[in-house]
Amino acid sequence: MGHGQWGRFGHAVAAAGDLNGDGFEDFIVGAPYDGEERRGAIYVYHGAEDGVRKEHTQRIQAKDINRELRTFGFAVKAGKDLDRNDYPDVAVGAFASSQAVILKTRPVMTVVGNVRTTRQTINLDEKLCVTEFGRMPW
């Protein structure tokens, strides 16, 4: 699975809500002795139509957050929108450091589209579809 021996993968698990906005519930798994110098990591797993994806979609190590953190992932709690941006945030405890970290989730991409027609009426039985791609304004 990509996590190291003795990492204590699964020491903490938390339902995270729908982190990626795909309509399926996601979850976080803590591994407090995983990663560089065994300082801890968390793994993000996304839900899918047929259940849980087999591979994690993101791994966040203690070293990515703060060089002082130890046992990052000892406790995890998720699913609350602390910053009111309509995305659930994640709290991760680091017992040996007497610290907790709040990881705020946010969208990484926004897709905008539009459809234009020169017809006044559209007959859906025609089953004719013509698409035209133009340059985006940016």
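**Entry 1. Thr71**

I began at a single contact: a polar atom of the Thr71 side chain lies 3.0 Å from the backbone nitrogen of Phe95. This is a predicted model, and I read every value with that in mind.

Next I asked where Thr71 sits in the chain. I found Thr71 in the loop between helix H1 (62–65) and strand E7. Is Thr71 buried or exposed? Its relative accessible area is 5%. Buried means under 20%, so Thr71 is buried.

Then I listed what Thr71 touches, leaving out residues up to four places away in sequence. The list holds Pro32, Tyr33, Arg39, Gly93, Ala94, Phe95 and Ala96. Two of these names sent me on: Arg39 and Gly93.

**Entry 2. Arg39 and Arg38**

I went to Arg39. It is found in the loop between strand E2 (26–31) and strand E3 (41–45). I looked up its accessibility and read 2%. The limit for buried is under 20%, so Arg39 counts as buried.

What does Arg39 touch, beyond residues up to four places away in sequence? Thr71 is on the list, and so is Phe72. I also noted Ala62, Lys63, Asn66, Arg67, Glu68, Leu69 and Arg70. Pro32 and Asp34 complete the entry. Pro32 had already come up as a contact of Thr71.

I then checked Arg38. Arg38 also has its place in the loop between E2 and E3. Its phi is positive, about 55°, although Arg38 is not a glycine. Its relative accessible area is 47%. Exposed means over 50% and buried under 20%, so Arg38 is partly exposed.

**Entry 3. The sheet E7-E8-E9**

I followed Gly93 next. Its bridge partner in E9 is Ala100. How many bridges join strand E8 (residues 89–94) and E9? I found five, and the two strands pair in the antiparallel sense.

I wanted the whole sheet. Three strands form it, in the order E7-E8-E9, and the sheet is open. The pairing is antiparallel. The edge strands are E7 (72–80) and E9 (99–103), each of which pairs on one side only. Neighbouring strands are turned by 20° against each other on average, direction ignored.

I looked at the connections too. The hairpin of E8 and E9 has four residues between the strands. Within this hairpin, Ser98 takes a positive phi near 55°. In the loop between E7 and E8 I found Arg84. Its phi is positive as well, near 55°, in a residue other than glycine. Arg84 has 76% relative accessibility. Exposed means over 50%, so Arg84 counts as exposed.

**Entry 4. Ala91 and Tyr43**

I picked Ala91 as a residue inside strand E8. Which residues does Ala91 touch, apart from those up to four places away in sequence? They are Ala75, Val76, Lys77, Val101 and Ile102. Its relative accessibility is 24%, and Ala91 counts as partly exposed. I also took a distance. From Ala91 to Gly73 it is 9.3 Å, C-alpha to C-alpha, with their positions 18 residues apart in sequence.

Gly73 led me to Tyr43. The two are 30 residues apart in sequence, and their C-alpha atoms are 9.0 Å apart. Tyr43 lies in strand E3. I read 0% for its relative accessibility, so Tyr43 counts as buried. What does the Tyr43 side chain join? A polar contact of 3.1 Å links it to the side chain of Arg59.

**Entry 5. A pocket**

I opened the second largest pocket. Its volume is about 470 Å³. It is lined by 18 residues. Closest to its centre are Leu19, Gln58, Thr105, Arg106 and Val108. Which strands did I find in the lining? E3 and strand E6 (58–61) each supply at least two residues.

**Entry 6. The chain overall**

Last, I stepped back. The protein chain has one helix and nine strands. From the N terminus on, the elements run β-β-β-β-β-β-α-β-β-β. The chain has 138 residues, and 30% of them count as buried. I also checked the contacts with a separation of 6 or more. Residues 24 or more positions apart account for 40% of them.

Note on methods: Residues numbered from 1 in each chain as written. Predicted model: local features only at pLDDT ≥ 70, side-chain atom pairs only at ≥ 80, totals over all residues. Heavy atoms only, no water. Pairing = 2+ DSSP bridges. Axes fitted to C-alpha atoms, helices over the stretch in contact; angles between N-to-C directions. Buried < 20%, exposed > 50% of the residue type's maximum accessible area, 1.4 Å probe, protein only. Polar contact = N/O pair within 3.5 Å; in protein donor to acceptor, adjacent residues only side chain to side chain. Contact = heavy atoms within 4.5 Å. 1 Å grid on protein atoms, 1.4 Å probe; cavity = no way out; pocket = protein on both sides within 12 Å on 5 of 7 lines; lining within 4 Å. Points joined across faces, edges and corners; volume = space filled by probe spheres on them.
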